[in-house]
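Work through the exercises below with the sequence and the model open. Each task is followed by a solution in steps.

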Amino acid sequence: MHELSIAKRIINAAMSRLPEDFDGRVIEVNITVGRMLGYEKEWIIRYFDKFVKDTPLEGAELTVENQPVSFRCLDCDMLIFPNYKDSDLFCTKCNGRNLKLEGGRDCRVNYITTEMKEND
């Protein structure tokens with residue numbers, strides 16, 4: 001059910017970016033979701049499709065980009081991208097263990113592609 005909350009957050013964020021008087025259709029919603037959130041892409045898409053019915057987002061394609069997990073070494077400033085399942089984390093440059101999480105937790109709308117209705 002974690003994917004349900006992600007889908008709802010995405011829907012709310014996307015809807016808030018559309019003007020109140022929006023009179024067109026949304027073609028695509030592109031999002032980034034961090035790997036540390038532990039989600040299943042297919043379920044985010046399913047929930048998105050289910051809960052956008054009767055909104056301007058209905059029929060839009062949801063494109064999900066993965067944000068890899070990354071750490072910054074506080075000793076040598078190296079940015080590392082460990083294997084997602086690694087439990088023994090260390091800097092690949094200096095072997096330091098003084099690491100700060102940099103990426104992998106985001107959940108954001110990158111952009112929305114829309115198409116305006118033609119005037120008659």
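Helices (H or I, at least four residues) and strands (E, at least two) are DSSP runs, numbered from the N terminus. The model is predicted: local features need pLDDT of at least 70, side-chain atom pairs count only at pLDDT 80 or more, and totals for chains, interfaces and linings use all residues. Residues are numbered from 1 along each chain as its sequence is written, and side-chain values use heavy atoms, with hydrogens and water left out.

**Exercise 1.** Locate Gln67 and describe its surroundings.

Step 1. Gln67 belongs to strand β2, residues 61–67.

Step 2. With a relative accessible area of 13%, Gln67 is buried (under 20% relative accessible area; exposed is over 50%, partly exposed in between; 1.4 Å probe, protein chains only).

Step 3. Leaving aside residues up to four places away in sequence, Gln67 touches Thr32, Val33, Gly34, Arg35, Gly103, Gly104, Arg105, Asp106 and Arg108; contact means heavy atoms within 4.5 Å.

Step 4. Among these residues is Arg105, whose backbone nitrogen is reached by the Gln67 side chain at 3.3 Å.

**Exercise 2.** Examine the backbone and setting of Asp54.

Step 1. Most residues other than glycine have a negative phi.

Step 2. Asp54, which is not a glycine, has a positive phi near 65°.

Step 3. Asp54 sits in the loop between α2 (41–51) and β2, and is exposed at 76% relative accessibility.

**Exercise 3.** Do likewise for Asp77.

Step 1. Phi of Asp77 is positive, about 70°, although Asp77 is not a glycine.

Step 2. The loop between β3 (70–73) and β4 (79–80) holds Asp77.

Step 3. Asp77 counts as exposed because its relative accessible area is 52%.

Conventions. A polar contact is a pair of N or O atoms within 3.5 Å; within protein, one must be able to donate a hydrogen and the other to accept it, and residues adjacent in sequence count only if both atoms are side-chain atoms.
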